[in-house]
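Me: I am new to this structure and should like to understand the terms applied to it. Please set each value against its criterion before drawing a conclusion.

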Amino acid sequence: MAFVAFKTVFSGTRLQTEFHLLANLKEFFGGLWVCNMETFDILPHFAFLLLVFLVFLAAVVSTRNSEKNAHFKMLNLFVLFASACVFSAATILQGSGWWAPRTVYPLASVVGVLTINTLVNHSSSPGAAAIAHTAKVLSVAAVATLLVVQYFGFHKLYIDKYKLNALDENRCYYVGQAIAEYEATSGIEVRKIAFYADAESAVPAYPNLYSHSGDLIRSSFNQDWSDLNALNYYLGDNYSRAEPSETYRTYFAGRNWDALSAQQLIFDGDTLHLCIY
């Protein structure tokens, strides 16, 4: 139903309406592996799956000792299982399982689902069986552990995002200062910027930052729809994009920087040829 709705009702440049079931299923289950086993390197490997499994095990024990009807018990376990498979359903329909915030936010929200389940579905009456009480204690401990581990994992990720933004801003001011010096000495106003890459561009573009493949930590200079916008935003100007020159493309491709350098900027008339290392 979701696929039909997206195909017939919605439209846009970001909408993929091709439906390749087998290929998307393969990508979907590959994404589940990364999400549940590796957790995009945000949490220690297998920690998420282990703790969710303990909550699921506690729920099985608790429901077996519950007086609720069988359908409710099955629904409880199904919701827990589904919450562990948080990889975006868009992947199976759209083939868009790229590691981006849209696929990580559901991972972070699972703790809330597990907490609500523990409060609602575990018996807490004074007459509850000892094994049911033990199951609830196990569930609470597992959820609390996941919350703490997840806090530190996401804390590092978001601190690195702030660092990345600061480094991008610094690069923009570095370029802006070079432009000002060139204009002062040459008398030529720079109005266009052409972008190039060196032999091995790093992702992310700065060292010692979170570096899982995908778009979780990505410099604005690694995307052609944001590099010029970043410069214009921080420098308060309105430069336009110039077509790269094959001569400079070959020149920059033969070099490999790992830090910001004046050699990455070449001025030619009113155009700056800027290499993104």
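The exchange below takes up one helix, one strand with its partners, and several salt bridges.

Reply: It should be said at the outset that this is a predicted model.

Me: What makes the span of helix α3 close to the one expected?

Reply: Helix α3 covers residues 47-64, 18 residues in number. The expected span is 1.5 Å times one less than the number of residues. For α3 this expectation is 26 Å, and the helix reaches 26 Å from its first C-alpha to its last.

Me: How do you know that the buried residues of α3 line one face of the helix?

Reply: The buried residues are A47, F48, L51, V52, V55, A58, A59, S62 and T63. Seen down the axis of α3, they fall within an arc of 135 degrees, so they line one face. The face turned away from that buried side carries the exposed residues L50 and R64.

Me: Why is L57 called partly exposed?

Reply: L57 lies in helix α3. Its relative accessibility is 38%. Buried means under 20% and exposed means over 50%, with partly exposed in between. L57 therefore counts as partly exposed.

Me: Which residues make the nonpolar surface patch, and which element gives the most to it?

Reply: The patch, of about 360 Å², is made by L50, F53, L57 and L138. Helix α3 gives the most, with 3 residues.

Me: Why is strand β4 described as mostly covered?

Reply: Strand β4 spans residues 271-276, and 6 of its 6 residues are buried. T271, H273 and C275 point one way, while L272, L274 and I276 point the other way, and all are buried. In a regular strand the side chains alternate between the two faces of the sheet.

Me: How do you know that β4 pairs with β1 and with β3?

Reply: Two strands pair if at least two bridges are found between them. Strand β1 (residues 192-197) is joined to β4 by 6 bridges, and these two strands run parallel. Strand β3 (residues 265-268) is joined to β4 by 4 bridges, and here the strands run antiparallel. Both pairs therefore meet the criterion of at least two bridges.

Me: Which residues stand opposite one another, and what lies between β3 and β4?

Reply: A197 stands opposite I276 in β4. L265 has L274 as its bridge partner in β4, and D268 stands opposite T271. β3 and β4 form a hairpin with 2 residues between them. In the turn, G269 has a positive phi of about 65 degrees.

Me: What makes the contact between D270 and K192 a salt bridge?

Reply: The criterion is a side-chain nitrogen of Lys or Arg within 4 Å of a carboxyl oxygen of Asp or Glu. The side chains of D270 and K192 meet at 4.0 Å, N to O, and are counted as a salt bridge. This pair links distant parts of the chain: D270 is in the loop between β3 and β4, K192 is in strand β1, and they are 78 residues apart. D270 is partly exposed at 30% relative accessible area, and K192 is partly exposed at 31%.

Me: Why is D227 called buried and R241 partly exposed?

Reply: D227 has a relative accessible area of 4%, which is under 20% and therefore counts as buried. R241, at 40%, is partly exposed. The two form a salt bridge, with their closest N and O atoms 2.8 Å apart. This pair links distant parts of the chain: D227 in helix α8 (residues 227-235) and R241 in strand β2 (residues 240-241), 14 residues apart.

Me: How many salt bridges does the structure hold, and which residues do shared partners join into one network?

Reply: The structure holds 7 salt bridges. Those that share partners join K156, D160 and K163 into one network. Between K163 and D160, the closest N and O atoms are 3.9 Å apart. Both residues lie in helix α7 (residues 130-186), 3 residues apart, about one turn of the helix. K163 is partly exposed at 41%, whereas D160, at 2%, counts as buried.

Terms used: Residues numbered from 1 in each chain as written. Predicted model: local features only at pLDDT ≥ 70, side-chain atom pairs only at ≥ 80, totals over all residues. Heavy atoms only, no water. Buried < 20%, exposed > 50% of the residue type's maximum accessible area, 1.4 Å probe, protein only. Arc of directions from axis to C-beta. Patch = residues over 30% accessible without salt bridge, like charges linked within 9 Å, V, L, I, M, F, W, Y side chains within 5 Å. Areas by Shrake-Rupley, 256 points an atom, 1.4 Å probe, with all protein chains shown as cover.
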